[in-house]
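Subject: Structure handover

Hello,

Here is the structure we talked about. Please open it next to this note and read the two together.

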2 protein chains.
Amino acid sequence: MRPQLYLDDLQVGQRFTTGTATLTTEAVKAFAAQFDPQPFHLDEAAGRASVFGRLVASGWHTGALSMRLLVEGEMRIAGGLIGLSGQLSWPQATYPGDTLRVESEILDIRVSATRPERGVITVRNRTLNQHDEIVQDAVVKILVPRRPQQ
Amino acid sequence: MRPQLYLDDLQVGQRFTTGTATLTTEAVKAFAAQFDPQPFHLDEAAGRASVFGRLVASGWHTGALSMRLLVEGEMRIAGGLIGLSGQLSWPQATYPGDTLRVESEILDIRVSATRPERGVITVRNRTLNQHDEIVQDAVVKILVPRRPQQ
């Protein structure tokens, strides 16, 4: 177990990485069947006929897989990764066979005015594919506890 | 099949609803095991010990389930629901047993300057639970084709 990070351990500009995960065709279709049953996520021919030109993963699948990478990655926040809000964009689609990773950078750190035992950090989490293209750009606010007083 | 909506069919202020979906404990744990394996999404006792006070669903699960409700809901956009970007917040957690629905309102409509055959709409998708509390507030930009010329 890596040590858990408290607000006091973090600084603006700090960077973290994750491992990688590869999206299979089967996983793309299974996720879509459950959560985003649109033809271009379910069927190769429908993908070719769509604006994407081929079968693509749901953006929510890209997001959910990025979350797993983050949970298992270097940025191990004490109490867990609890997102409050985020600005997300998907500049590029994710395709079956893509291998994703997430690179994170802390943009801002604030102690709560009303709850001094915790704070909120702003983190940019960029999900990249094997060509280093950004498939998800997420700037999120995460709840982080301060280190308990000894 | 309901008719598909083109940019020309939409107007600012237009509202759409969806059906409902209920999150089971089993579904919450299964999603978390695959995409957000944090203790408070996987185990009742860990949920009670967390800031949530009980087992909670991953925010990505709330988002993915909201997507399914939207895909199956009234706002049937021609060519599919293709999100470009979004601002999301989760003002309230989603708990096992919650029944969710999505209420949408069109905030803005723009024809593309460079691709006059399509445009981008801004939609607020609010996911509500059975107590009418907002569990996800998403303001998203969606690609919408114009009606093809006859």
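First, a term: two strands count as paired if DSSP finds at least two bridges between them. Please also bear in mind that this is a predicted model.

**The sheet in chain B**

Start with the β4(B)–β5(B) pair. β4(B) is joined to strand β5, residues 118–128 of chain B, by 10 bridges, and the two run antiparallel. Take Ile106(B) as a landmark: its bridge partner in β5(B) is Val123(B). The two strands make a hairpin, with 6 residues between them.

Now go on to β6. This strand covers residues 134–145 of chain B and pairs with β5(B) over 11 bridges, again in the antiparallel sense. Here Thr122(B) has Lys141(B) of β6(B) as its bridge partner. β5(B) and β6(B) also form a hairpin, with 5 residues between the strands. Look at Asp132(B) in that hairpin, which takes a positive phi near 60°.

Two further strands reach β4(B). What joins β1 to it? Strand β1 (residues 15–17) of chain B is held to β4 (residues 99–111) by 3 bridges, running antiparallel. Phe16(B) finds its bridge partner in Ser104(B) of β4(B). Strand β2, residues 21–22 of chain B, has 2 bridges to β4(B), also antiparallel. Ala21(B) sits opposite Leu100(B) there.

A reminder for when you look at the faces: in a regular strand the side chains alternate between the two faces of the sheet.

**The fold of chain A**

Chain A has 4 helices and 6 strands. Along the sequence, the order is β-β-α-α-α-α-β-β-β-β. Its C-alpha atoms fill a box of roughly 60 × 25 × 25 Å along the principal axes.

**How the chains meet**

How many residues does each chain bring to the contact? Chain B gives 31 residues and chain A gives 31 residues. Between them the chains bury about 2,600 Å², with 70% of that on carbon and sulfur atoms. The rule finds 0 salt bridges across the interface of chain B and chain A. It does find 8 residue pairs in polar contact there, both residues at pLDDT 80 or more.

Which elements of chain B supply this side? α1 (25–35), α4 (59–71) and β3 (82–89) each supply at least two residues of the side that touches chain A. By type, the residues on that side of chain B divide into 16 nonpolar, 12 polar and 3 charged.

β3 also pairs across the interface. Strand β3 (residues 82–89) of chain A is joined to β3(B) by 5 bridges, and they run antiparallel. One of the positions to check is Leu88(A), whose bridge partner in β3(B) is Gly86(B).

**Symmetry**

How does chain B lie on chain A? A turn of 180° and a shift of 0.0 Å along the axis lay chain B on chain A with an RMSD of 0.0 Å. The two copies are therefore related as by a two-fold rotation axis. Within chain B, the C-alpha nearest the axis belongs to Gln87(B), 2.2 Å from it.

Why can we say that the copies meet through the same surface? Because 100% of the interface residues of chain B are also interface residues in chain A.

Best wishes

How values were computed. Residues are numbered from 1 along each chain as its sequence is written. Chains are lettered from A and ligands numbered from 1 in the order in which they are written. Side-chain values use heavy atoms; hydrogens and water are left out. Contact means heavy atoms within 4.5 Å. Buried area is the accessible area (1.4 Å probe) that two parts lose on being put together, summed over both. A salt bridge is a side-chain nitrogen of Lys or Arg within 4 Å of a carboxyl oxygen of Asp or Glu. A polar contact is a pair of N or O atoms within 3.5 Å; within protein, one must be able to donate a hydrogen and the other to accept it, and residues adjacent in sequence count only if both atoms are side-chain atoms. Ala, Val, Leu, Ile, Met, Phe, Trp, Tyr, Cys and Pro count as nonpolar, Asp, Glu, Lys and Arg as charged, and the others, Gly among them, as polar. Copies are superposed by least squares on the C-alpha atoms of residues with pLDDT of at least 70 in both.
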